[in-house]
Amino acid sequence: MALLEVDDLTVTYGAIRGVSGISLTVEEGEVVALIGANGAGKTTTLRAISRLVPSRGSIRFAGRDLTRLRPHEVTALGVVHVPEGRGIFPRLTVMENLELATWTRRRDREGIRRDLRRVFDLFPRLEERRDQVANTLSGGEQQMLALGRALMTRGRLMLLDEPSMGLAPVLVKEIFSVIQEISASGTTILLVEQNAHFALKIARRGYVLETGSIVLSGPAGAVAANPRVKAAYLGA
Ligand code: ATP
């Protein structure tokens, strides 16, 4: 049984089709990339898994049916969503943002301290700016804070929505290498990206979404080698 099993998922916004009848799985320990152009339905897919939008079809996580749950209940099960736009609290400090992310495990004091150390080791810049208000950070630092918050939540599955968006190339590399480290430490990751090149490099498998449907899936290398993917997403 896969950790995440999405079957025949459909989301509509009034008359607009967000996604229609998509199925995908994420095995424990995998990084899976979901790539596609603007408006293909990538964000919608993640929002449905987190229960931020209603949907039809089935979504199972660790054998549990998520479609009956509220968003905070999904988080409490260990599904951590890092949304596009980062989802940090702009008026709170770096430290406050990180502390708030531990609400699902408040009593685990020792573990929280260790994870804070780990976040600061991964992102020394966050430690330097621990007392700075989040909306005064650069875009790259805000993305680091969003990932730091996700780490502090200690999820089993991370849903990452366009973590490379709006970042300078050198920071994109840094963010992707941190995502690899997070994965190596045992967290399962579903990664939504327009940057297909990097996403398929760190993923084990990939799915390609076009206008609300999955048109291709397979091992990341095979997806990256597909002529259609090369032409549309890899600038070949
Ligand atoms: P992006 O990279 O721009 O976020 P995406 O692949 O994540 O693109 P979605 O944001 O999931 O795509 O959008 C899928 C479709 O659903 C698009 O046609 C979009 O216009 C539509 N859509 C998304 N959110 C809403 C909404 N709140 N109301 C109406 N239509 C929406």
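**Ligand shell and domain arrangement**

In this predicted model, the shell of residues around the ligand is made up of 7 polar, 4 nonpolar and 4 charged residues. The ligand is thus described here first through its surroundings, and the two domains follow.

In total, 15 residues surround the ligand, and the closest of these are N38, G39, G41, T43 and T44. Two of these closest residues, G39 and G41, also place polar backbone atoms beside ligand oxygen atoms. For G39, a backbone N or O atom is found 2.7 Å from an oxygen atom of the ligand. For G41, the distance between a polar backbone atom and an oxygen atom of the ligand is 2.8 Å. A side chain takes part as well: an N or O atom in the side chain of E84 lies 3.1 Å from an oxygen atom of the ligand. The ligand taken alone exposes 620 Å², of which the protein buries 63%. Among the secondary-structure elements, those that contribute two or more residues to the shell around the ligand are the strand β2 (16-26) and the helix α1 (42-49).

The domain assignment divides the protein into domain 1, formed by residues 4-78 together with 155-233, and domain 2, formed by residues 91-154. A distance of 23 Å separates the C-alpha centres of domain 1 and domain 2. Contact between the two involves 18 residues on the side of domain 1 and 15 residues on the side of domain 2.

The size of an interface is often expressed as the accessible area that is lost when the parts come together. By this description, domain 1 and domain 2 bury about 1300 Å² between them, and carbon and sulfur atoms account for 74% of that area. Within domain 1, the residues G155, I175 and V178 provide 30% of the area buried against domain 2, a larger share than any other three residues supply.

Technical notes:
Residues are numbered from 1 along each chain as its sequence is written. This is a predicted model: local features need pLDDT of at least 70, side-chain atom pairs count only at pLDDT 80 or more; totals for chains, interfaces and linings use all residues. Side-chain values use heavy atoms; hydrogens and water are left out. A residue is near a molecule or strand if one of its heavy atoms lies within 4 Å of it. A polar contact is a pair of N or O atoms within 3.5 Å; within protein, one must be able to donate a hydrogen and the other to accept it, and residues adjacent in sequence count only if both atoms are side-chain atoms. Accessible areas come from the Shrake-Rupley method with a 1.4 Å probe; for residues, only the protein chains shown count as cover. Helices (H or I, at least four residues) and strands (E, at least two) are DSSP runs, numbered from the N terminus. Ala, Val, Leu, Ile, Met, Phe, Trp, Tyr, Cys and Pro count as nonpolar, Asp, Glu, Lys and Arg as charged, and the others, Gly among them, as polar. Domain bounds come from an automatic or database domain assignment. Contact means heavy atoms within 4.5 Å. Buried area is the accessible area (1.4 Å probe) that two parts lose on being put together, summed over both.
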